[in-house]
Amino acid sequence: MSTFKEGEWEYEFPFDLNFQDVSGQTVLYLACFLGHAKLVDMLLKFKVKASRKPPPPSSGDKSQSGDAEGANPDNPDILSPTRRRISDGIQSIMSRLSLGSRANVQESNEKLLSPWLVDMYCNNGMETALHAAVGAKQHEIAAGLVNIARANVNLSTRPNTGDQSISPRSGNEESVTPLVLACSNRDLSTVDLLLKAGARDDDCKALAVVVAARYDNPMTFLIPEENSLRSMSHITSYPNSLKQLDLSHNKISCWPSLPQIDSTDPMELAAVTCYCPDNATAKSHLGPLLRGRQSLRTSVLSSVCIHRRHLRLDSLRTLILADNNITRIQLSTDDDGEGPSAAGSFDELEGDVCLMRTRLMFPNLSMLDLSNNQLKDIPVSIHELSNLSVLNVSNNRDITELPYQMGLLSRLWNLNTKGCCLQEPLRSMIESNKYKTMDILGYLKSVLEDAKPYARMKLMIVGIQAITRLDLSHNCLPWAPPALFQLPSLRVLNLAQNKIERLPSPQGGDFEQASPLHSVAGKRGRSEAKGYWLPVLEELYLQFNRLETIPEDIFHLPCLITLDLSNNKLQALSSQMWRSPKLKELNVAFNLLKELPTIHNAE
């Protein structure tokens, strides 16, 4: 038996498993080169029992120990019979208490070891077994070398040092990595395997192979995370075949944009320059002739090279933008932030829906991570990402509500809003941990369906004397029109769960301009109203809005019995509240009140 050493471990075996023949080939290398997948799998799973080498004793310690024993016969290390019995008893007790630790020591000194040197250069010192497997397009063998044997994926081939009996790449003296070989073979599955295992292309040889072969960019993963990027550059700067883009832990505040085709800035010119300068015909020659009467998007498409001729990434499935400085979600390159917001009407949204779908930058996105940013809100157009299944907007404290259009995301199963300051009832639903994402989406969709009739309702008043109950709750009304407070037969008015910031005030001139209701009322024998005209209103609901003040005319309504102002931003109340004729129930919970007006002030 021969003893073989590998680091601090040694094992015994009848012969050397890594022996090389006259051309420098080992058993493992030949099996990989010839494509024997089962044999390679058997070799990689073969283990030998190895033991840890004991550290060599120090010569100085031995001499000192010998001298001490010879010089002093009463050495304290030589125990008397009494002390030896006590010591043996203590050791017996300690051994029983530390059986587990001794077993661990025994295990740590012995282990099953793979005897194969997978990173050994073979074939006259030119390449490793991984080079042979990748060069022969043996993906299964390459996967075993990478995943089981942990082969180094960044080793380069070496020049030929002797007669080469077997060479998969005869005549190629340039040193290449397995990633370059996989790109040369157009083996996308092996490229994906090597990239996931940490393969690098520091000298851009793999990219040069792809460009020279005029092959579609095999890049499916782009992960420039933990840098100092401030922008996502132009949409044409990304390969159209990109599937995963990770830009987390940067300083990005701008979404992808369109390149400036008429700019003289070198950075802008680089965004439209062809990947392959020799391919001069790839650039359209009609661009300068038609640019004057084309739209911006058409001009860009006619000016960039054929490799950049795309304005959206159809293959992108995963986009990670966590830990950046993004303030809004942009879904198209021409979105300037002035489009329909969450408070926009359905007419505005549906008018742009067809245009929006054709201009989405990531139409097939399934995962979007925007956690730990500075988002203000979520756009209603988010529902255009019909394939979205995972959405993470956690730790964006300025997000206070979710657009009801999110209820249309039928494939969304994971929604993370932890750390967002959502309003009720969404906050209670999410914090209770009793509702899943599908329940939240179901609630948003139900509210959306209830809001559609009012959102599409045209201003056409017929028989205002018959309107006694009006419910406009759970909408996105930014303010309450004066016409709502001039319905003479109205008994119940519900404006809860909106975005109303103020109510119309006669002192502010909100009732100066005549509304359609005024003219109708005039025809019925009443002069044009200049203030609140709700003679029979009994119930008024204004909870969950953004009101900061309440006009004192509200408390002059003659028949008002119930007034709900809870969950607003009220800082003070008018002293006229004490003089309301029939008010019996006033709810001002969850506001910013510091004190109530005194009755003395009302008098």
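Hi everyone, let me start on the surface, where Trp-578, Leu-596 and Ile-599 make a nonpolar patch of about 310 Å². One of the three, Ile-599, sits in helix H19, which covers residues 599-602. Before I go on, please keep in mind that this is a predicted model.

Now to the inside. How many cavities of 30 Å³ or more are there? The count comes to two, and I'd like to show you the second largest, which holds about 50 Å³ of space. Its lining includes Trp-116, Leu-117 and Val-118, along with Met-120 and Cys-122. Asn-18, Thr-26, Leu-28 and Ala-129 line this cavity too. By class, that lining has seven nonpolar residues and two polar ones, with no charged residue among them.

On to the aromatic rings. A search of the whole structure turns up five aromatic pairs. Take Tyr-29 and Phe-33: their ring centres are 6.4 Å apart and their planes are at 0°, so this pair counts as stacked. Where do Tyr-29 and Phe-33 lie? Both are in helix H1, residues 27-34, and they are four residues apart, which is about one turn of the helix.

Last topic: charges. Side chains of opposite charge can pair when their charged atoms come close. Searching the whole structure gives 11 salt bridges. In one of them, Arg-52 pairs with Glu-8, and the closest N and O atoms are 2.8 Å apart. Arg-52 belongs to strand E3 (residues 48-52), while Glu-8 is in the loop between strand E1 (2-6) and strand E2 (9-13), so the bridge ties together parts that are 44 residues apart in sequence.

Thanks for listening, everyone!

Note on methods:
Residues are numbered from 1 along each chain as its sequence is written. This is a predicted model: local features need pLDDT of at least 70, side-chain atom pairs count only at pLDDT 80 or more; totals for chains, interfaces and linings use all residues. Side-chain values use heavy atoms; hydrogens and water are left out. On a 1 Å grid over the protein atoms alone, a cavity is a set of points where a 1.4 Å probe fits but cannot get out, and a pocket is an open set with protein on both sides within 12 Å along at least five of seven lines; lining residues have an atom within 4 Å of a point. Grid points are joined across faces, edges and corners, and a volume is the space filled by probe spheres set on the points. Ala, Val, Leu, Ile, Met, Phe, Trp, Tyr, Cys and Pro count as nonpolar, Asp, Glu, Lys and Arg as charged, and the others, Gly among them, as polar. Patches are made of residues with over 30% relative accessible area and no salt bridge: like charges are joined within 9 Å, nonpolar side chains (Val, Leu, Ile, Met, Phe, Trp, Tyr) within 5 Å. Accessible areas come from the Shrake-Rupley method with a 1.4 Å probe; for residues, only the protein chains shown count as cover. A salt bridge is a side-chain nitrogen of Lys or Arg within 4 Å of a carboxyl oxygen of Asp or Glu. Helices (H or I, at least four residues) and strands (E, at least two) are DSSP runs, numbered from the N terminus. Rings of Phe, Tyr and Trp (its six-membered ring) pair if their centres lie within 6.5 Å; planes under 30 degrees apart count as stacked, over 60 as edge-to-face and the rest as tilted.
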